[in-house]
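Me: Please take a close look at a single strand of this model and at how it is paired with its neighbours.

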Amino acid sequence: MGSIVLPAISKQTATMIFLHGLGDSGASWAEILPSFIPSYVKLVLPHAPIRPVTLNQGVQMPAWFDILPLDQPKDSRGIKHAANSIIDMIQKEIKAGIPGSRLLLGGFSQGGALALYTGLTGPIKLGGILGLSTWLPLQKEITWDNIQKPQVFQCHGDQDQMISILRATKTAKILKTNLPSFTFKVYPGLNHSISSAEEVNDIVDFIERALPPIPTSKL
């Protein structure tokens, strides 16, 4: 799996891994996210593999896992395989000296779905999870008593035509029930994008809360 890696501008003390949406690549977010993160955060933007997507008539495109019609079983195997790939990336950062508490996993749309699933069900408690215009897959397969419980911020536009606000709200309800530190925020008039200035400000604030600066005396 290829990635765009943007080193921290100052001494690195944290890493953010961000997963793009269906049909996209990490390159799109390399133009957006650097202005969102503190100077001490390294940014990793993986590219999803090219694969056929059932919901799009089998057209090959970048996808973390297959997307099937809502009335069909989900791509459980594909989601878990993708999650393992992201866990490998997380473990690579830990081996390089960045603890799990200084790692933030985020994503948009399908990438957000993978970020939520991986961050909750993986073996490492992260500093935070950021889910933008997304949902949580495989909810019925998750053993909720054994999940990781980092702080989670879920954002959604009430005019999203790709991932309905109803679907997002269902995800928020189950996360609120099972997580001690969870925030769900809905942005009026926002579609399937991050074009809201309010949302951008909230994202920046969340990243800084999840990955606060380390006092110079402790570096």
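Reply: What follows is an account of strand S7 and its surroundings.

This is a predicted model, in which local features need pLDDT of at least 70 and side-chain atom pairs count only at pLDDT 80 or more, while totals for chains, interfaces and linings use all residues. Residues are numbered from 1 along each chain as its sequence is written, and side-chain values use heavy atoms, with hydrogens and water left out.

Strand S7 covers residues 128-132, where strands (E, at least two residues) and helices (H or I, at least four) are DSSP runs numbered from the N terminus. Five of the five residues of S7 are buried, that is, under 20% relative accessible area with a 1.4 Å probe and protein chains only. Gly128, Leu130 and Leu132 point one way from the strand, whereas Ile129 and Gly131 point the other way. In a regular strand the side chains alternate between the two faces of the sheet.

S7 pairs with strand S6 (residues 103-108) in the parallel sense over five bridges, pairing being assigned if DSSP finds at least two bridges between two strands; here Gly107 has Gly131 as its bridge partner. S6, helix H3 and S7 also make a right-handed β-α-β unit, meaning that, with the strands pointing away from the viewer, the path from the first strand over the helix to the second runs clockwise. S7 is likewise joined to S8 by five bridges, and these two strands run parallel, with Leu132 standing opposite Cys155 in S8. Strand S8 (residues 151-157) is in turn joined by six bridges to strand S9 (residues 182-187), again in parallel, and Phe153 has Thr183 as its bridge partner in S9.

Terms used
Buried < 20%, exposed > 50% of the residue type's maximum accessible area, 1.4 Å probe, protein only.
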